[in-house]
Amino acid sequence: MKRRIGILTSGGDCPGLNAAIRGVVRASYEQFDTEIIGIKDGYRGLIEGDYEELTREQFSGILTLGGTILGTARTPFSNMRVIGEDKVDKVKAMKNNYQKMKLDCLITLGGNGTHKTANLLAQEGLNIIALPKTIDNDIYGTDFTFGFHSALDIATDVIDRIHSTAASHGRCMVIEIMGNKAGWLTLYSGMAGGADVILIPEIPYDIEKVAEVIEKRAKAGKSFSIIAVAEGAMTNEEAEMNKKDRVEQKEKDPYCSISHKIASQLQEMIGVEARHVVPGHIQRGGSPCAYDRVLSTQFGVHAAHLIKNNTYGITVALNNNKITHNLLSDVAGRPSPVPLDHQMVLAARKIGINMGD
Ligand code: F6P
């Protein structure tokens, strides 16, 4: 049995992509006659026919490597069926290149946007297997995506380091954590780093309440405070607005980021000395942590098992500590925010962490 497998990585990169690629490739070579085609920069390479046949040796030594050896790009799903100025029919081009490469299947490693396009291609008749990667951990049907735990370690380290300088200066430090519209990374790193306040998009915040917490801490003799805020966190008023109004309001804001805004407001409201920190893409950089190396490898091995059994239209998942899979059509377009009654939210509240409400 021979399988010609195309692989692409799409969307924002994260630690663990190379480990997952390696997992698919090694497990495939071990089980059947394998040919691997590496597609450059995600769907961009598939549309433009930018790909290369790779040898087994080219996947050696990449387990611990951050980023992606295949390159990645954001190719928004919303544009996939739109014919732009270049007059390229992107869906048709992707199907043509799939045929041209003589693929038996295509493995897509990516987040929510990647899954939507993967599902579109599956509906167009291509054999697709998706692997859920993102530091945001917001893909439906999997307990964890790979990349999340590495980013969690980095974000926690940032909070730890901020702690000591906050304590020395008696400051209120506001740390802005990535995660797009989901609060998973902020919730977990805030908990791991001992934040006093955790603000996530799923729980709209009231700045007066946050100010009260900081003042109360000061009165109790705590000279410093740590606020972990998700980049997508919203006030009660913002949460009630429609998306367009919210974007317009943000554009009028004099602040360069949500952490800047909160630090400035608190300084003005209660006179606390406040600073903001935006670790940004550092959270996506470097080598995958041990958890992600293992999870990515297991996801890759499962993908090879699916290829062997000709099972397509699937996304791999972790469910109750077991590697399994879901239908792409069930997962695509269905993000996974933090449920308000999630045990981590309840635990945070139980140990006195304020969630801004
Ligand atoms: O989806 C991963 C992520 O890092 C989000 O947490 C963040 O909002 C976004 O990507 C940043 O995107 P970009 O790398 O395109 O600036």
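The accessible surface of the chain amounts to about 15800 Å² (Shrake-Rupley method, 1.4 Å probe). Carbon and sulfur atoms contribute 48% of that surface. The model is predicted: local features need pLDDT of at least 70, side-chain atom pairs count only at pLDDT 80 or more, and totals for chains, interfaces and linings use all residues. Residues are numbered from 1 along each chain as its sequence is written, and side-chain values use heavy atoms, with hydrogens and water left out.

The chain holds 13 helices and 11 strands. These are DSSP runs numbered from the N terminus, with helices (H or I) of at least four residues and strands (E) of at least two. The radius of gyration, taken over C-alpha atoms, is 22 Å; the globule rule (2.2 Å times the number of residues to the power 0.38) gives 21 Å for 357 residues, so the chain is as compact as a globular protein of that length. The C-alpha trace spans about 70 × 45 × 30 Å along its principal axes.

Of the 357 residues, 53% are buried (under 20% relative accessible area, 1.4 Å probe, protein chains only). Contacts (heavy atoms within 4.5 Å) were examined at a separation of 6 or more. Residues 24 or more positions apart supply 73% of them.

Lys95 lies in helix 3, residues 90-100. Its relative accessibility is 26%, so Lys95 counts as partly exposed (between 20% and 50%). Lys95 touches Glu124 and Leu126, leaving aside residues up to four places away in sequence. Its C-alpha atom is separated by 8.8 Å from that of Gly125, 30 residues apart along the chain.
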